[in-house]
Amino acid sequence: MAIELAVLVAALLAVVLLVFFTVVTYNNVVALQRRCERAWANIDVSLKQRWDQLPNLVAAVKGAMDFEEQLLDEVTRLRAKYQPAAPVHEQAIVSEATSEAVRSLFAVVENYPELKSHKNVMALQEEIERLETLIARRRELFNQQVYLVNTAISTLPGLMLRPLFGWQEVEMFSAEENERARPEASIYAA
């Protein structure tokens, strides 16, 4: 009788420990997933702010840069490609291309002293630069959160619970291989 009671207590203790670790792991993964969602929402806010500000910058420099029309059109085209509902990977591609076009636009502005002297152009440029820096930082934070959630569901005990709860790895915010190389583009007429 004492042995049966000891086995019953041991089995009950094992079940309690299993339930405890399941609940703790589940809560940890859910918290990490929410942090990923919040980090992505923060990126989205910054992308939206940039989307709102880019037309102002383009309009401010357009008159003084008639022959740079192709660059301004590219910035406008990329801005229009922003789709908040698109998958992370597609948004990453558009965001990276927009950032590159904005950097090219800033390089052109640097070559025009009359543009650099306009307060509205400088204020808009500073705001876009602030947003670009913010977007980069928020991408890093998002990727850190993705790393944490993916690690939690790819290691024990999360790995054992993954099929039970249907946890899927989250995609990092990254560009494709060919988009990592600096594009060969000239903004000056040949």
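A residue counts as buried here when its relative accessible area is under 20%, as exposed when the value is over 50%, and as partly exposed in between (1.4 Å probe, protein chains only). With 3% relative accessibility, Ser 99 is therefore buried, and this serine is a good way into the fold you have in front of you. The structure is a predicted model, in which local features need pLDDT of at least 70 and side-chain atom pairs count only at pLDDT 80 or more, while totals for chains, interfaces and linings use all residues. Residues are numbered from 1 along each chain as its sequence is written, and side-chain values use heavy atoms, with hydrogens and water left out.

**Overall picture**

- The protein has seven helices and zero strands; both kinds of element are DSSP runs numbered from the N terminus, a helix being H or I over at least four residues and a strand E over at least two.
- Read from the N terminus, the order is α-α-α-α-α-α-α.
- Of the 190 residues, 33% are buried.
- Contact means heavy atoms within 4.5 Å. Of the contacts between residues at least 6 apart in sequence, 75% join residues at least 24 apart.
- About 11,700 Å² of the protein is exposed, and carbon and sulfur atoms supply 62% of that area. Accessible areas come from the Shrake-Rupley method with a 1.4 Å probe, and for residues only the protein chains shown count as cover.

**Around Ser 99**

- Ser 99 sits in helix α3.
- Which residues does Ser 99 contact, leaving aside its neighbours within four places in sequence? They are Arg 50, Glu 132 and Arg 139.
- Glu 129 lies 30 residues from Ser 99 in sequence, with 9.6 Å between their C-alpha atoms.

**Salt bridges**

- Side chains of opposite charge can pair when their charged atoms come close. The criterion used here is a side-chain nitrogen of Lys or Arg within 4 Å of a carboxyl oxygen of Asp or Glu.
- The whole structure holds seven salt bridges.
- One of them joins Glu 132 and Arg 50, at 2.6 Å from N to O. This pair links distant parts of the chain, since Glu 132 belongs to helix α5 and Arg 50 to helix α1, 82 residues apart. Both Glu 132 and Arg 50 are buried.
- Arg 103 and Glu 100 also meet in a salt bridge, at 3.1 Å from N to O. The two residues are three apart in helix α3 (residues 88-110), so about one helical turn separates them. Arg 103 is partly exposed at 40% relative accessibility, whereas Glu 100 is buried at 16% relative accessible area.
- In another salt bridge, Arg 130 pairs with Glu 127, and their closest N and O atoms are 2.8 Å apart. Here too the partners are three residues apart, in helix α5, and therefore about one helical turn from each other. Arg 130 is partly exposed, with a relative accessible area of 40%, and Glu 127 is partly exposed as well, with 24%.
- Glu 96, Glu 100, Arg 103 and Arg 139 are joined into one network by salt bridges that share partners.

**Where α5 meets α6**

- How do α5 and α6 cross? Their axes come within 6 Å, at an angle of roughly 95 degrees. Axes are lines fitted to C-alpha atoms, for helices over the stretch in contact, and angles run from 0 to 180 degrees between N-to-C directions.
- The two helices are therefore roughly perpendicular to each other. Angles of 65 to 115 degrees get that name, while those under 35 count as roughly parallel, those over 145 as roughly antiparallel and the rest as oblique.
- The loop between α5 (119-154) and α6 (158-165) contains Pro 157. The peptide bond from Leu 156 to Pro 157 is cis, with omega near 5 degrees.

**Surface and loops**

- Leu 13, Leu 17, Phe 20, Phe 21 and Val 24 form a nonpolar surface patch, together offering about 480 Å² of accessible area. Patch residues have over 30% relative accessible area and no salt bridge; like charges are joined within 9 Å, and nonpolar side chains (Val, Leu, Ile, Met, Phe, Trp, Tyr) within 5 Å.
- Phe 21, from helix α1 (residues 2-62), is partly exposed at 48% relative accessible area.
- Lys 81 lies in the loop between α2 (69-80) and α3, and is partly exposed with a relative accessible area of 43%.
- Trp 51 is 30 residues from Lys 81 in sequence and 10.0 Å away in space, C-alpha to C-alpha.
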